[in-house]
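Hi everyone, thanks for making time for this. I'd like to walk you through one structure, piece by piece. Have a look at it first, and then we'll start with a small detail.

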Amino acid sequence: MFSSFSASPLPGRGAARLAAAALVSGLVAVSALTLAGTAVADEVPQSQGGATATIGGLTTSGTAVIHENGEDQQVSAGLFEMSVDNGGTLQTYCVDIHTPTQKDAKYQEMPWSGTSLNGNPDAGRIRWILQNSYPQVNDLAALAQKAGVSGLTEQDAAAGTQVAIWRYSDGADVEAVDPQAERLADYLQRSARNLAEPRASLTLDPAAVSGRTGELLGPVTVHTNADGVTVTPPADAANGVRVVDKDGKEVTSAADGSELFFDVPEGAASGSAALTVQASTTVPVGRAFASETRSQTQILAGSSASTVSATATANWAKQGAIPALSAVKNCAKGGVDITAANEGDEAFTFELMGLEHTIEAGTSQTVTVPLQEDQAYDFMIKGPNGYEKRITGVLDCQTRSSADGERTQTLSEPSPATAGGTSTTTTDLAETGASSATPVIAGIAIALVVLGGAAVLFVRKQNAPTRD
């Protein structure tokens, strides 16, 4: 008997407030839900690869004022710094003026389609601003001359650039306090032109493949701006699974456009494995960075040589249905796209929120799970031969102002990120969360799994169980 579990979603950010009150019961329910499937199910990444980094704080900034609902609200505006996992440094501006930044939050490189930049007709203008202002243009005298001002400090340049970005990312009525920074913001806003979204620093496509034992599973294509990437074979390579090219030659390095395959021996038992590719490169200016902790979405202004990586998985069996699963946030549709491919010789069916979907042998199907903004989700997928995958996350597709119109905190209001700690009467939005409240926010996100619409997916074969 197969079933799916779901809960009615709660509207908007009010759900986050209710989630805090229900945190204890939510955690219990999540634990039960997880154990009902498996405690060791692999998580399906929803990033497509690239850089992963931890945000620090503002490094260069000035002051700006938001004019909203007849009130003036003062905020810090400027350049953030991130530390890249395994080496490298990123400089970023934020693209969601009303959302706090949580110190030490983890961020992942993302396409615009998975962030609030999706559908923004001015997203390309933001990229132009980034390429034509500080820190990409570090000759401040030349930048000042173009902007028609007598001179610029680094603080002026960072504040003016951030203000211009907010006008396009949030449609905010915002201005820099310093006159020079304000004139720079006006120049950048007036001069900006639409540019195309930059390519990812590193991705693998597709992120999941499947097939029969004794065959080459793939191809998985490398896309990168790096000169080359190193290829790390599956952790269980001892059982004979190798990463090879189309001719069956083992691969330890690759380049943009390379095709990789999993070589699974004929006698291998049903199972799965993952390969990882890694490189050192500069991440393209204009790439978005998002966090699962509702920390401000960031956009890249500069990159040192940084470590980037991507992972692809393979699932195999001798016969029967052989699923491969991938997932990606789809802000255009307001949900998560779950793609199920079946390279086996039998159809399989999965239930998703009460609806059945059958994937015929040799075909694939993408199902979009609709979610509300800020809704956490937790999907468990079970398939033949012990195949189990879990998809978790939080949908963050809108700027806070476009989502529900909540007003920005003023300087006289304490920050919610100091809850449980020392409150302050001086709150800068860009640095909200400079306390250690990130674990609290992560806990609330877990509770939202239950309150906001948790679901379990079960994949089943239509025919008899697969035989090894």
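So, where is Asn86 found? Asn86 sits in the loop between S3 and strand S4, which covers 89-94. Do keep in mind, as I go on, that this is a predicted model. I picked Asn86 because its phi is positive, about 70 degrees, although the residue is not a glycine. With a relative accessibility of 67%, Asn86 counts as exposed.

There is another asparagine to put beside it. Asn69 also has a positive phi, near 55 degrees, and again this is a residue other than glycine. Asn69 belongs to the loop between strand S2 (52-68) and strand S3 (71-84). Is Asn69 buried or exposed? Its relative accessibility is 66%, so Asn69 counts as exposed.

Let me step back to the whole chain for a moment. We have eight helices and 25 strands in the chain. Of its 468 residues, 53% are buried. If you take contacts between residues at least 6 apart in sequence, 72% of them join residues at least 24 apart.

While we're on the backbone, there are cis peptide bonds to point out. One joins Asp205 and Pro206, with omega about 0 degrees. Pro206 is in the loop between strand S7 (202-205) and strand S8 (208-212). Another cis peptide bond joins Gly218 and Pro219, and there omega is about 5 degrees. Where does Pro219 lie? Pro219 has its place in strand S9.

Strand S9 leads us nicely to S13. S9 spans residues 216-224 and runs antiparallel to S13, with four bridges joining them. S13 also pairs with strand S11 (residues 242-244), in the antiparallel sense and over three bridges. Now, please find Asp263 in S13. Asp263 is the bridge partner of Leu216, and Asp263 is the bridge partner of Arg242 as well. How many of the five residues in S13 are buried? Four are, so S13, residues 259-263, is mostly covered, with buried meaning under 20% relative accessible area.

Next, the sheets. One is an open sheet of five strands in the order S8-S17-S14-S10-S12, and its pairing is mixed. The edges are S8 and strand S12 (253-254), each of which pairs on one side only. Inside that order, look at strand S14 (residues 271-281) and strand S17 (residues 306-317): they pair in the antiparallel sense over 11 bridges. If you want a landmark there, Leu275 stands opposite Ala312 in S17.

Another open sheet has three strands, ordered S18-S19-S22, and here the pairing is antiparallel. Which strands are its edges? They are strand S18 (323-330) and strand S22 (363-370), each pairing on one side only. On average, neighbouring strands of this sheet are turned by 20 degrees against each other, direction ignored. S18 and strand S19 (residues 335-342) run antiparallel and are joined by eight bridges. As a landmark here, Ala327 has Ile338 in S19 as its bridge partner.

Now for some helix packing. Helix H5 (residues 154-169) packs against helix H6 (residues 179-191) at an angle of about 45 degrees, and their axes are 8 Å apart. How do we describe that arrangement? H5 and H6 are oblique to each other, because an angle of about 45 degrees is neither under 35 degrees nor within 65 to 115. The crossing of H5 past H6 is right-handed. On the H5 side, the residues that meet H6 include Ala157, Gly160, Val163, Ala164 and Tyr168. On the H6 side, those that meet H5 include Ala181, Leu184, Ala185 and Leu188.

I'll finish with the aromatics. How many aromatic pairs does a search of the whole structure find? One. The rings belong to Tyr377 and Phe379, with their centres 5.6 Å apart and their planes at 20 degrees. Planes under 30 degrees apart count as stacked, so this pair is stacked. Tyr377 and Phe379 are both buried.

That's my tour. Thanks for listening, and I'm happy to go back to any part of it.

Technical notes:
Residues are numbered from 1 along each chain as its sequence is written. This is a predicted model: local features need pLDDT of at least 70, side-chain atom pairs count only at pLDDT 80 or more; totals for chains, interfaces and linings use all residues. Side-chain values use heavy atoms; hydrogens and water are left out. Rings of Phe, Tyr and Trp (its six-membered ring) pair if their centres lie within 6.5 Å; planes under 30 degrees apart count as stacked, over 60 as edge-to-face and the rest as tilted. Buried means under 20% relative accessible area, exposed over 50%, partly exposed in between (1.4 Å probe, protein chains only). Helices (H or I, at least four residues) and strands (E, at least two) are DSSP runs, numbered from the N terminus. Two strands pair if DSSP finds at least two bridges between them. Axes are lines fitted to C-alpha atoms, for helices over the stretch in contact, and angles run from 0 to 180 degrees between N-to-C directions. Angles under 35 degrees count as roughly parallel, over 145 as roughly antiparallel, 65 to 115 as roughly perpendicular and the rest as oblique. A crossing is left-handed if the near helix is turned anticlockwise from the far one by less than a right angle, and right-handed if clockwise. Contact means heavy atoms within 4.5 Å.
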